[in-house]
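Some notes on this entry follow, point by point. Please keep the coordinates open while reading.

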Amino acid sequence: MSKPTLITNTPSPNGAPKVGIVSLGCPKALVDSERILTKLRSEGYEVSPSYDDADVVLVNTCGFLDSAKQESLDAIGEAMRENGRVIVTGCMGVEEDRIREMYPNVLAVTGPHQYEQVVSAVHDHLPPVHNPYTDLVPPEGLRLTPRHYAYLKISEGCNHRCSFCIIPSLRGDLASRPAGNVLREAERLVNAGVRELMVISQDTSAYGLDLRHAESEFKGRKVRAHMTDLARELGSLGAWVRLHYVYPYPHVDEVIPLMAEGLVLPYLDIPFQHASPNVLKAMKRPANQEKVLDRIRGWRDVCPDLTIRSTFIVGFPGETEQDFQFLLDWLSEAKIDRLGCFKYEAVDGAPANALEGAVPEEVKEERWNRLMAHQQAISEERMQAKVGRTIDVIIDEVDEEGAIGRSAADAPEIDGSVFLNGDTSVAVGDIVQVTVEHAEEYDLWGTRVDA
């Protein structure tokens with residue numbers, strides 16, 4: 001179970017009220033935690049690394065799957081036992097009655113991205129102490145990621161109504177940030193030393209639809225709230241730009257040339273979820289997977305180095321062996337580079353719960369194992385093709401045994417690594433050229449060109 005997160009390089013005066021935080025769930029929730037901490041730190045609060053030193057503990061919950069909800073409830077229980085003064089926020093906050101039934105003494109419960117309500121709750125139970133030194137919060141805010149990379153949230157909510165998902169009921173419909181606001185935040189992050197910006201939202205390719213792609217000002221010029229325009233502007237800031245949670249809409253084609261030019265990393269995180277038209281229809285997802293295959297081929301024609309990461313669900317209600325085999329065959333055609341797979345889990349409040357044809361747990365497990373083995377062979381083939389090539393690598397860790405980094409094909413925490421055994425003369429955040437000497441299913445080994 002996560003402990004309250006220690007934020008480094010943010011000294012506070014003695015006597016300042018101390019706040020601990022446990023942040024669960026996806027990167028979008030992590031950004032919410034960063035924003036909450038940034039606001040509190042600007043008001044003079046100190047961030048505590050432990051339950052014992054915290055005057056109050058914030059638990060930012062996840063409420064997507066039942067297993068995630070249980071993890072959130074366990075985290076609240078641990079914070080109550082270890083500290084006793086707990087404020088709950090995040091996606092599971094919409095189930096306040098359930099939380100208070102188990103933990104009636106929590107100080108407050110707020111929902112997702114309710115920043116003002118969270119800060120107000122902290123004020124109510126732990127008033128801020130005025131001190132002139134509290135104005136020294138860095139302009140990029142406080143972050144829970146390493147100094148050299150950061151998540152950049154461009155919108156909240158989602159307009160899709162997938163039958164297995166309750167995100168719209170938790171976070172609402174699409175609400176995009178003006179492009180100027182996003183770019184100013186990105187510029188502050190880059191100026192503070194961030195070398196990689198990871199663009200996140202629930203549906204990055206829908207960015208700006210709710211704003212009718214309205215223009216806003218950045219550096220004296222107008223920029224549209226549109227995925228392509230935003231990607232181009234972000235790419236001009238001098239950092240790696242990685243796009244997550246992209247749906248394969250036709251206008252995504254416009255971003256691929258930016259990848260070929262080197263403005264944006266040749267990486268797309270696309271949550272396909274399945275390939276069988278029958279399952280996709282039940283999921284209420286786009287079902288023309290042959291057209292998607294054509295689009296993927298077209299993307300790779302323009303940008304041969306393109307890496308595609310995706311997530312899939314096996315064992316969805318009504319999924320037959322024929323549907324599952326269709327998925328395996330589709331993967332063989334698509335040659336997805338990076339793949340995550342989930343066994344279907346009913347989510348309280350999701351329309352999919354009413355579907356017939358529940359798949360037995362043992363069948364889900366068997367299909368999950370088959371899919372992962374199938375993908376492993378695809379990944380190994382894709383990785384072996386990189387041996388002998390020289391690639392750019394961003395360094396994440398350095399110790400006495402060498403360095404560990406990531407290529408453009410690897411997002412932190414979820415993808416593979418590049419190992420530079422014995423190379424200790426690089427620093428975290430460096431971007432270096434590496435010749436690949438060995439490859440396995442997910443990781444690479446190589447030597448720095450100028451070592």
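Leaving aside neighbours within four places in sequence, which residues is glutamate 185 in contact with?

1. Basis. This is a predicted model: local features need pLDDT of at least 70, side-chain atom pairs count only at pLDDT 80 or more, and totals for chains, interfaces and linings use all residues. Residues are numbered from 1 along each chain as its sequence is written, and side-chain values use heavy atoms, with hydrogens and water left out.

2. Glutamate 185. The partners are Arg35, Leu152 and Arg177, where contact means heavy atoms within 4.5 Å. Glutamate 185 sits in helix H6 (residues 179-191). Helices are DSSP runs of H or I with at least four residues, strands are E runs of at least two, and both are numbered from the N terminus. The relative accessible area of glutamate 185 is 16%, so the residue is buried. Buried means under 20% relative accessible area, exposed over 50%, and partly exposed in between (1.4 Å probe, protein chains only).

3. Helix H1. This helix covers residues 27-42. Of its 16 residues, 12 are buried, so H1 is largely enclosed by the rest of the structure. Charged names appear among the buried ones, including Lys28, Asp32, Glu34 and Arg41. The geometry checks out: at 1.5 Å a residue the span should be 22 Å, and the end C-alpha atoms are 22 Å apart. The expected span is 1.5 Å times one less than the number of residues. Just after H1, glycine 44 adopts a positive phi of about 100°.

4. Domains. The assignment gives domain 1 (18-125), domain 2 (149-385) and domain 3 (389-448). These bounds come from an automatic or database domain assignment. The C-alpha centres of domain 1 and domain 3 are 35 Å apart.

5. Cores. The largest nonpolar core has 56 residues; Leu234, Leu243, Leu268, Trp330 and Leu371 touch the most other members. Apart from it lies another core of 24 residues, among them Ile87, Ala121, Leu126 and Tyr149. A nonpolar core is a set of buried Ala, Val, Leu, Ile, Met, Phe, Trp, Tyr and Cys residues joined through side-chain atoms within 4.5 Å.

6. Strand S18. Side chains alternate along residues 418-421: Val418 and Leu420 point to one face and are buried, while Phe419 and Asn421 point to the other and are not. S18 runs antiparallel to S17 (residues 402-407), with 4 bridges. S18 runs parallel to S20 (residues 444-448), with 2 bridges. Strands pair if DSSP finds at least two bridges between them. Valine 418 is the bridge partner of glycine 405 and also pairs with leucine 444 in S20.
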